[in-house]
Structure formats: structure tokens, C-alpha cells
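Grab a viewer and work through these exercises at your own pace. Try each task before you read its solution.

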Amino acid sequence: MLSKNHRAFSIAFALASTPLMAADNPGSHQHGQAEMQLAFADNQVEVLLTSPAGNMLGFEHHPRTPEQHQIEELVTHWLGENPLINTPESTCQIHATTVQHEVAGSHDHGGHSHGDESQHADITVTQILNCTGLDHSVSLTTPLTARFPALEHLDIAWAGPDGQGAARLGQGESSFKLGR
Amino acid sequence: MKIHLALSLASASLWHRRKVLALVCLTLTLSVTLLLGIQYLRTEVKQSFTSTISDTDLIIGARSGQLNLLMYTVFHIGDATNNIRWSTFQDLEQDTRIDWLIPISLGDSYKGFRVVGTDKGFAEHFRFGRGQPLNLAGGQWFDGIFDVVLGAGVARTLNHGLGDKIILSHGGGRTSFSNHKDTPFTVTGILEATGTPVDQAVYISLQGMEAIHVGWESGVAIPGRTLTPEKAQNRDFTPKTITAVFAGLDRKILTFRVQRDLNQYAGEPLSAILPGVALSELWRLMSQFEQALLGITGFVVVTSLIGLIAVLLTLQTQRAHEIAILRATGASPGLIASLYLIECLALALVACVISLALGALAISMFGPWLLTNYGIQLQLRPLTFEEWSLLISVPLAALLVALIPAFSAWRQSRSQGFGSPGGT
């Protein structure tokens with residue numbers, strides 16, 4: 001059985017390797033906004049969160065001061081340990097997770113980084129969650145808007161056996177309806 | 001005991017003034033029906049709009065914005081930026097994650113209605129509403145190259161029936177001088193009304209779409225180069241390009257992964273969109289109109305409740321004798337005030353019940369007619385939480401409003417002498 005870290009690494013590798021296979025435009029980068037995709041199957045949900053690093057860290061360059069290092073560490077830990085969505089009864093458990101920084105255009109895996117500091121940077125988080133009662137939930141919650149005040153709009157899109165939908169959460173909004 | 005007394009007095013009083021109160025109740029009923037009706041319509045229109053297409057996991061077209069792709073493939077509004085190659089469609093057919101594909105080819109029209117070139121997968125896999133399939137009201141799906149199936153709206157508007165011959169126009173627009181007159185199509189089927197843009201389109205096979213464009217390479221018909229139905233037989237009409245593809249996946253959890261892969265497809269620039277997500281975002285753009293509609297209905301109810309206060313206050317002056325008698329028989333000011341509250345609450349409850357019955361009757365009577373004639377889909381269903389909340393708010397608001405005449409009556413009856421009705 002794979003450990004959580006191994007699973008996390010394999011997901012990170014799969015994500016990182018995808019863009020190499022075909023040409024594509026660079027992704028959009030708008031401070032204050034983030035996107036979250038949710039794919040449902042029974043009581044499991046795959047989450048992909050993409051956000052400008054500035055929304056979460058407050059900076060987009062490689063951490064320079066001890067405070068910035070501490071912020072980066074805290075945010076990375078928080079994103080890895082907390083389910084990005086949850087049922088109203090908080091039944092979601094993290095099965096696998098990965099947090100990928102592209103601080104200042106570089107890939108940052110465990111302190112090793114390289115890249116162009118003049119570019120914008122994104123944080124990508126993937127999670128596989130097991131949530132008891134998810135298939136009966138008509139609404140879900142997310143702690144992101146409360147945890148990161150710089151996040152002004154969180155665009156959420158979902159797909160599953162019950163259909164597809166989208167919602168936009170503003171500051172202070174933490175729950176959205178699935179329209180079941 | 002006091003409650004029982006208050007209820008029996010209130011019912012006797014209501015019955016005594018039944019003619020006037022029936023009119024008040026009618027006004028309130030109409031207002032509540034309007035409020036519930038608009039809220040119901042709002043929910044149904046939203047449901048109908050966001051279910052214009054269902055069970056389709058991805059729409060794939062040439063690289064463009066998701067709303068543009070949605071508008072021209074599903075709503076038949078606007079045009080494609082580019083086509084996609086047939087080889088791309090064949091590549092998609094090889095993707096084991098994809099369960100089914102519906103190719104769509106657009107570009108022509110029939111008297112202003114969009115012509116959609118597709119294959120039998122459209123009849124088999126296309127779903128709308130809550131997963132409802134397309135049904136034929138008559139005839140059968142296209143089998144031959146020059147067979148055509150009409151949407152319900154097209155058949156109704158142009159008064160077409162099975163077996164009619166129609167000539168499609170080259171390009172869009174209601175009036176076209178470039179007609180495919182050498183290759184008339186025969187109506188072999190007419191679809192049942194769906195309340196979606198499907199009703200407003202004309203469906204032919206991809207082969208038919210190719211066949212009518214032989215000899216039109218320069219944009220106009222070159223005499224002698226176009227086909228006739230006889231010449232078209234036994235020819236290969238495999239398309240070189242199509243406009244878009246509807247796709248259904250085996251496992252819905254893979255939707256975003258397949259989308260990402262298609263958006264990075266190496267063969268040509270593609271856009272894959274999730275129709276349900278695009279429809280939700282489109283509806284969000286219109287949410288201000290939705291709120292305005294609800295605001296208007298709120299005003300209607302407020303106006304109606306103010307009318308109710310006015311009537312109750314007017315009736316109060318007529319009830320001076322009744323109150324005096326009640327006071328003379330020992331009724332307390334509190335009991336008299338409670339009469340107003342009970343009466344107002346009863347009126348509001350009766351209005352709500354009649355509104356519900358009226359609404360259910362109207363939807364069951366006019367729902368099918370609205371769908372057939374106007375393409376508006378209204379189904380009888382249990383009320384949502386929001387609708388129940390609105391309905392419950394009416395008697396609560398009425399109770400609140402009744403406090404004004406109740407307080408006035410309480411004050412009046414306290415100062416009223418036993419022997420001087422109406423005096424102070």
C-alpha cells in the first residue's frame with residue numbers, strides 16, 4: 001500500500017508532466033481570484049485548486065525573510081492537512097494530497113527551487129477526499145475564503161453523476177449548493 | 001377557554017362580514033398567487049435553462065471562450081470561430097475514457113432556423129431536462145441522405161408535416177438567396193416539444209450536409225457541379241471538418257482530466273467545456289434580473305398587505321357596535337385585540353391555501369399548452385424550501401400587519417364606556 005507521501009508525489013508528477021505533452025497557452029493569473037474543480041464519484045471527490053500564490057502567501061517571489069519562510073511553511077502545511085471542501089457535517093477525510101508551488105516561476109519541492117523571479121507564481125493543490133454522506137449532500141463548505149482574506153473570489157466548478165454546476169464565493173461566503 | 005372563546009367569536013365575526021372579507025381575501029389571494037407564481041416560474045426557468053442539455057459531459061470545439069462555444073452549439077446563437085478536423089473526431093473515438101460522441105456540423109439554415117448536421121448518436125444520446133431523451137411526435141429519424149427531422153417549433157411555425165419537401169438555404173439568416181434547390185429534403189420525422197433550443201432547429205445527417213455542399217466550394221452553386229439526389233447515391237460523404245462534438249464519459253470523475261487533456265490536444269487547438277458549468281455561469285450573469293423579478297413580487301405583496309390594513313382599519317369603524325357589545329358582555333380589551341389578529345391570520349391562511357390550489361390547477365391545465373406553443377416547460381412539483389419560506393412569510397406578515405388595528409382596537413376598547421358605543 002502506498003504511503004500518503006508517495007501518493008502525493010505520484011499525483012504531483014502526473015500534474016507536472018501533463019503540460020509537457022502538448023503545447024498550450026499559459027494559464028491566467030488574476031490576484032484575488034482562485035479556481036477550484038471538484039469531480040465526484042459516490043463518496044469520493046477529487047479536488048484541484050489553482051490560485052495565485054499572492055492570495056495565500058502575500059508574496060509571489062521565493063521567500064527571502066524568516067517571516068516569509070514561516071508563512072510559506074504554515075500555508076503549505078495548512079493546505080496539505082485541511083480538506084479544501086467539506087460536507088456540512090464535516091465528514092471529509094484526506095486520502096491523498098499534494099501542494100505544488102511555482103514561486104517566482106520556479107518549481108519548489110522541499111526547498112529546492114530555481115526560476116525567473118519577475119514572473120507571477122501559482123499554488124496548485126490536489127486532494128482526494130473521502131466524505132461519508134457526500135452523495136446525499138445538497139451543499140458543501142470550504143474553509144478557503146475564511147482562511148485567506150486576500151481571496152476575493154473563489155470560482156468553483158463541479159462534475160459528477162448528478163450533473164455539473166458552478167458557483168462563485170465571495171469574501172465571507174463559505175458554502176455553496178450543489179443543485180441536487 | 002379564552003382561546004376557544006376568541007376563536008368562536010372570530011369565526012362568527014368573519015362569517016358575519018363574509019361578503020366584504022371575501023373581496024379582501026380575493027385581493028390577498030391574487031397577490032400571493034403572483035408571488036408564488038413568479039418564484040415558481042423563476043425556479044422552473046432556471047431549472048429549465050440549466051438543463052437545456054444534460055448528461056453531456058463535455059462539448060468540444062475549436063479554441064474559443066466557453067460561453068461562445070455553448071451559445072453556438074446548444075442555443076444556436078452566434079457562429080463558430082473555426083471548425084475541427086474529422087481526424088480529431090476519429091481520435092476522440094479512440095479515447096477509452098469517452099463513452100459516446102455526437103458530431104455537430106452547423107452553417108446552414110432553413111427559413112431562419114439553424115440546420116444541424118449530426119448522426120444517429122444525437123437521437124440515442126442527447127438528453128435534456130432531468131435526463132429526458134428526445135422523442136419523435138411522428139415519423140422516424142433520418143435514414144437517407146436527404147431525410148430531415150424537424151424540431152417541434154419549426155414544424156409548428158412553418159406548418160410542416162411528414163412527407164413535406166423542404167429546400168435548405170446556404171448560410172444563416174431568415175432570407176437567403178442561396179438555396180440548395182437541387183437537393184430538396186423530405187421531412188421524415190417531427191420531434192416532440194422539449195422547451196429547449198432543440199425545438200428551433202432542423203436535423204439532417206452529416207452525409208446530407210456534405211452532399212448539399214458539393215459544387216458550393218466557392219460559396220455559391222457552380223452550375224453543373226452540384227448534385228441531384230440521384231447522383232448523390234453511392235458516393236462517400238465522409239466530412240472533412242465538423243463544428244463541434246458532444247461527448248459523454250464512462251466515469252464522470254474523469255471529466256476535468258479529459259477536459260485538461262483536450263485543451264492541450266497536440267493535433268489542433270481545441271476547447272473542451274463542461275456545459276453544466278457554462279450554463280451555471282451564464283445564469284449567474286442574469287441573476288440581477290432574477291433578483292429584480294423577485295423584488296417586484298415582494299412589492300406586490302407589501303402593497304397587498306397595506307391594502308389589508310386599510311380595509312381592516314375601515315372595518316374597525318363599522319365594528320364599533322360589535323366591540324361595544326363585546327365589552328358590555330365582559331370581553332376584555334385583550335380579547336378584542338386578539339380577534340383582529342386571529343381574523344387577519346385566518347384571512348392570510350385561506351388566501352395561501354387558495355393560492356396553492358389555484359397555482360397547481362393552472363400549472364396542470366396550462367403546462368402542456370405552454371410547452372407546445374411557447375416552449376416554456378412548467379411541471380407540477382413539490383415546493384422548494386424557498387417557496388415554502390415565502391408562503392409562510394405571508395401569514396406571518398399578515399399577523400404583523402394586524403397588530404396595527406389590533407392595538408388600535410385594544411386602546412379604543414379600554415377607553416370605551418359600556419353605554420356609549422363609538423364614544424370615548
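## Exercise 1: two unusual backbone angles

**Task.** Is D55(B) buried or exposed? Do the same for N159(B): buried or exposed?

**Solution.** Keep in mind that you're looking at a predicted model.

Step 1. Count the neighbours. D55(B) has 20 other C-beta atoms within 10 Å, so it is buried. A residue needs 20 or more to count as buried.

Step 2. Repeat for the other residue. N159(B) has 7 other C-beta atoms within 10 Å, so it is exposed; the cut-off for that is 12 or fewer.

Step 3. Check the backbone. Most residues other than glycine have a negative phi. D55(B) isn't a glycine, yet its phi is positive, at about 70 degrees. N159(B) isn't a glycine either, and its phi is positive at about 55 degrees.

Step 4. Place them. D55(B) sits in the loop between helix 2 (18-50) and strand 1 (58-62) of chain B. N159(B) belongs to the loop between helix 6 (152-157) and strand 10 (165-166) of chain B.

## Exercise 2: a helix pair

**Task.** Work out how helix 2 of chain B packs against helix 14 of chain B.

**Solution.** Two packed helices are described by the angle between their axes and the distance between the axes.

Step 1. Get those two values. For helix 2 and helix 14 (residues 385-415) of chain B, the angle is about 165 degrees and the axes are 10 Å apart.

Step 2. Classify the angle. Anything over 145 degrees counts as roughly antiparallel, so helix 2 of chain B is roughly antiparallel to helix 14 of chain B.

Step 3. Add the handedness: helix 2 of chain B passes helix 14 of chain B in a right-handed crossing.

Step 4. List the contact. Helix 2 of chain B brings V32(B), L35(B), L36(B), Q39(B) and Y40(B), and these meet E386(B), E387(B), L390(B), L391(B) and V394(B) of helix 14 of chain B. Sorted by class, that gives 7 nonpolar, 1 polar and 2 charged residues.

## Exercise 3: strands in both chains

**Task.** Which residues of strand 15 of chain B point one way, and which the other way? Then look at the strand pairings.

**Solution.** In a regular strand the side chains alternate between the two faces of the sheet.

Step 1. Split strand 15 (residues 270-273) of chain B. L270(B) and A272(B) point one way, S271(B) and I273(B) the other, and all are buried.

Step 2. Find its partner. Strand 1 of chain B pairs with strand 15 of chain B in the antiparallel sense, over 4 bridges. In that pairing, G61(B) is opposite S271(B).

Step 3. Switch to chain A. Strand 3 (residues 92-101) of chain A has 7 of its 10 residues buried, so it is mostly covered. Strand 3 of chain A pairs antiparallel with strand 4 (residues 122-131) of chain A over 9 bridges, with C92(A) opposite C131(A).

## Exercise 4: where the chains meet

**Task.** How many residues does the contact take from chain A and from chain B? Which element gives the largest share of the chain A side?

**Solution.** Step 1. Count: 21 residues come from chain A and 19 from chain B.

Step 2. Find the contributors. On the chain A side, strand 1 (33-41), strand 2 (44-52), strand 6 (153-160) and strand 7 (163-170) of chain A are the elements giving two or more residues. Strand 7 of chain A has the largest share, with 5 residues.

Step 3. Sort by class: the chain A side divides into 12 nonpolar, 6 polar and 3 charged residues.

Note on methods. Residues are numbered from 1 along each chain as its sequence is written. Chains are lettered from A and ligands numbered from 1 in the order in which they are written. This is a predicted model: local features need pLDDT of at least 70, side-chain atom pairs count only at pLDDT 80 or more; totals for chains, interfaces and linings use all residues. Axes are lines fitted to C-alpha atoms, for helices over the stretch in contact, and angles run from 0 to 180 degrees between N-to-C directions. Angles under 35 degrees count as roughly parallel, over 145 as roughly antiparallel, 65 to 115 as roughly perpendicular and the rest as oblique. A crossing is left-handed if the near helix is turned anticlockwise from the far one by less than a right angle, and right-handed if clockwise. Two residues are in contact if their C-beta atoms, placed from the backbone, lie within 7 Å. Ala, Val, Leu, Ile, Met, Phe, Trp, Tyr, Cys and Pro count as nonpolar, Asp, Glu, Lys and Arg as charged, and the others, Gly among them, as polar. Two strands pair if DSSP finds at least two bridges between them.
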